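Biologist: I am new to this one. Can we go through what each term rests on?

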Amino acid sequence: EWEYACRAGSETTYSFGNDASLQQSYAVFMAVQTETCGRKLPNGWGLFDMHGNVCEWCQDWRASYGSSKVVRDPIGPATGIFSRVLRGGSWGIGTGIALRSSYRFYDTPARRGGNFGFRVVVEVGGVGP
C-alpha cells in the first residue's frame, strides 16, 4: 500500500520520474532535521513527503519479495519476531537508493528515532471522525 501511494500510478524510479536531480524538489534529505510536511512538491496524487523527511513505518514484517522481477501488492508474512518495514528514506540520508519508490528498510519495532515516523491513513469509504 505504501509503495502504491508513493508511486501514484508511475512505474519510474521515483514518483516524479527517473531523474535523480529532481530529488531536491520532492524530498527532504541530507538535512539536519525534519521539515514541516508539504514544503516540497507532492506526487501525482497530491501526497507530500513520500520521498524523504522521515522513514515511514509500515505494517509489513520483513520478508523477501522472492525471485520474481515484478511484484504486485506483496503482503509479507502474517507474523514476525524482529524487523518491520520502513519506506521512503529520511532527512538524515543522502541521495540515491533509499529515496526510490521501491526501497525497503527494516528495523525492530522497538527502535525509536528522529528519522522514523508513520502516516495516518483512512480507507476510502471507511469510518472517519
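**Terms and their grounds**

Modeller: This is a predicted model. The protein has 2 helices and 4 strands. Along the sequence, the pattern is α-α-β-β-β-β.

Biologist: What makes a short run such as β4 (116–117) a strand?

Modeller: A strand needs at least two residues in a DSSP run. β4 covers 116–117, so β4 meets that cut-off.

Biologist: How do you know that β1 and β4 pair?

Modeller: Pairing takes at least two bridges. Strand β1, residues 55–61, shares 2 bridges with β4, so the two count as paired. Their sense is parallel. In this pairing, E56 stands opposite G117 in β4.

Biologist: What joins β1 to β2?

Modeller: There are 3 bridges between β1 and β2, residues 84–87. The cut-off is at least two, so this is a pair as well. These strands run antiparallel. Here W61 stands opposite R84 in β2.

Biologist: Why is the pairing in the sheet called mixed?

Modeller: β1 and β4 are parallel, while β1 and β2 are antiparallel. The sheet of 4 strands is therefore mixed. The sheet is open, in the order β3-β2-β1-β4.

Biologist: Why are β3 and β4 at the edges?

Modeller: β3 (104–107) and β4 each have a single partner strand, so one side of each has no neighbour in the sheet.

Biologist: Now the space inside. What makes the largest cavity a cavity, and not a pocket?

Modeller: In a cavity, a 1.4 Å probe fits but cannot get out, whereas a pocket is open. The search of the whole structure finds 1 cavity of 30 Å³ or more. About 30 Å³ of space lies in the largest cavity.

Biologist: Which residues line the largest cavity?

Modeller: The lining is S15, Y26, L41, P42, N43, L47, F48, D49, M50 and H51.

Biologist: What makes up that lining by class?

Modeller: The lining has 6 nonpolar, 3 polar and 1 charged residues. Asp counts as charged, so D49 belongs to the charged class.

Biologist: How much of the protein counts as buried?

Modeller: Of its 129 residues, 33% do. The cut-off is under 20% relative accessible area.

Biologist: And how much accessible surface is there?

Modeller: About 8400 Å², with 55% belonging to carbon and sulfur atoms.

How values were computed. Residues are numbered from 1 along each chain as its sequence is written. This is a predicted model: local features need pLDDT of at least 70, side-chain atom pairs count only at pLDDT 80 or more; totals for chains, interfaces and linings use all residues. Side-chain values use heavy atoms; hydrogens and water are left out. Buried means under 20% relative accessible area, exposed over 50%, partly exposed in between (1.4 Å probe, protein chains only). Accessible areas come from the Shrake-Rupley method with a 1.4 Å probe; for residues, only the protein chains shown count as cover. On a 1 Å grid over the protein atoms alone, a cavity is a set of points where a 1.4 Å probe fits but cannot get out, and a pocket is an open set with protein on both sides within 12 Å along at least five of seven lines; lining residues have an atom within 4 Å of a point. Grid points are joined across faces, edges and corners, and a volume is the space filled by probe spheres set on the points.
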